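Student: Could you take me on a close look at the place where the ligand sits? I would like one connected account that I can follow with the model open.

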Amino acid sequence: MKFKYLLVKDISDYIRLITINRPKQLNALNAAVIEELHRALEEAENTPVRAIIIMGSGEKAFVAGADIKEFMHFTPEQGQALSEKGHKLLFDYLEQMHTPVIAAINGYALGGGLELALACHIRIASENARLGLPEVSLGVIPGYGGTQRLAQHIGKGRAMEMILTAQPVDARKALEYGLVGSVVPPELLLDKAVETAEKILKNSPAAIGLAIEAVNAAYGKDGFKTENRLFGQAFATEDFKEGTQAFIERRKPKFSGK
Ligand code: CAA
């Protein structure tokens, strides 16, 4: 299968590594990356592959978010559609796969990047990782499942604090929060992910698929639909225009009052 933005490599007969390869844009998730990830994951789900590792290319970022430059001029309808399509193709799809997916977080995991890691079944971070949902600093909200999954992982209070302050946490704090399962030096990140995958390979693939489905069954879907709608609603605000423009111009945004 040919990809423009992904590198796909089999580490062994049953372990597949998918690397998001857009390092100059810190692996930001544009529509094409999301489509390609869907295709790559769907393909892996339908082959003998029994564990998937996702990481970002380069030394700086796992994924720095959804592609701000792509959506900054979207209408509210396009914003909502972006969120809905992302959920369907990538974030919900991944979460419900029967093949376990491990996020190897090698640097920034911000916005859609943290949301991607949250949809994965297991998260391992390198010591230099920084994880956060900075969307409100752009005048928008997390739109790829973050408003729901972050609270599921670390509890409502901590999720509110991370989302409302827009401040990332470092790897040590992420471990303390239970946001990641382990933290290792950057040069050992892939080894640790492979070691974890090998532990999975010792178990029944059928039972693993059923276990994923059973764990996921605890979490309702209504909140995700609300996120889609409110993500779109944010696109109607002057703050969204100002926040995204300020990002491009590398300045601090001047948001309006309430
Ligand atoms: N979208 C588009 N481009 C991005 C990007 C993003 N999310 N993150 C980084 N880039 C681009 C930068 O614009 C820059 O491109 P140019 O060289 O073409 O200008 C390149 O990647 C390198 O980035 P920086 O020069 O900014 O690198 P830095 O080391 O100074 O800063 C950073 C790194 C702190 C991660 C900073 O890039 C940053 O803050 N990025 C945005 C993070 C963010 O806000 N993410 C949330 C996105 S919104 C979202 O995800 C919505 C959703 O839930 C659906």
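**Around the ligand**

Tutor: Happy to! The element that gives the most to the shell around the ligand is α2, with three residues. Helices here are DSSP runs of H or I with at least four residues, strands are runs of E with at least two, and both are numbered from the N terminus. Along with α2 (68-71), β6 (108-110) and α4 (112-119) each supply at least two residues of that shell.

Please keep in mind that this is a predicted model, in which local features need pLDDT of at least 70, side-chain atom pairs count only at pLDDT 80 or more, and totals for chains, interfaces and linings use all residues. Residues are numbered from 1 along each chain as its sequence is written, and side-chain values use heavy atoms, with hydrogens and water left out.

There are 26 residues around the ligand, and Lys-60, Lys-69, Gly-112, Glu-115 and Glu-135 come nearest; a residue is near if one of its heavy atoms lies within 4 Å. By class, the shell holds 14 nonpolar, five polar and seven charged residues. Nonpolar here covers Ala, Val, Leu, Ile, Met, Phe, Trp, Tyr, Cys and Pro, charged covers Asp, Glu, Lys and Arg, and the others, Gly among them, are polar.

Now for the polar contacts (pairs of N or O atoms within 3.5 Å). Side-chain N or O atoms lie 2.6 Å from a ligand oxygen in Lys-60, 2.7 Å in Glu-115 and 3.3 Å in Gln-25. The protein covers 76% of the 990 Å² of accessible area that the ligand has on its own, by the Shrake-Rupley method with a 1.4 Å probe.

How values were computed: A polar contact is a pair of N or O atoms within 3.5 Å; within protein, one must be able to donate a hydrogen and the other to accept it, and residues adjacent in sequence count only if both atoms are side-chain atoms.
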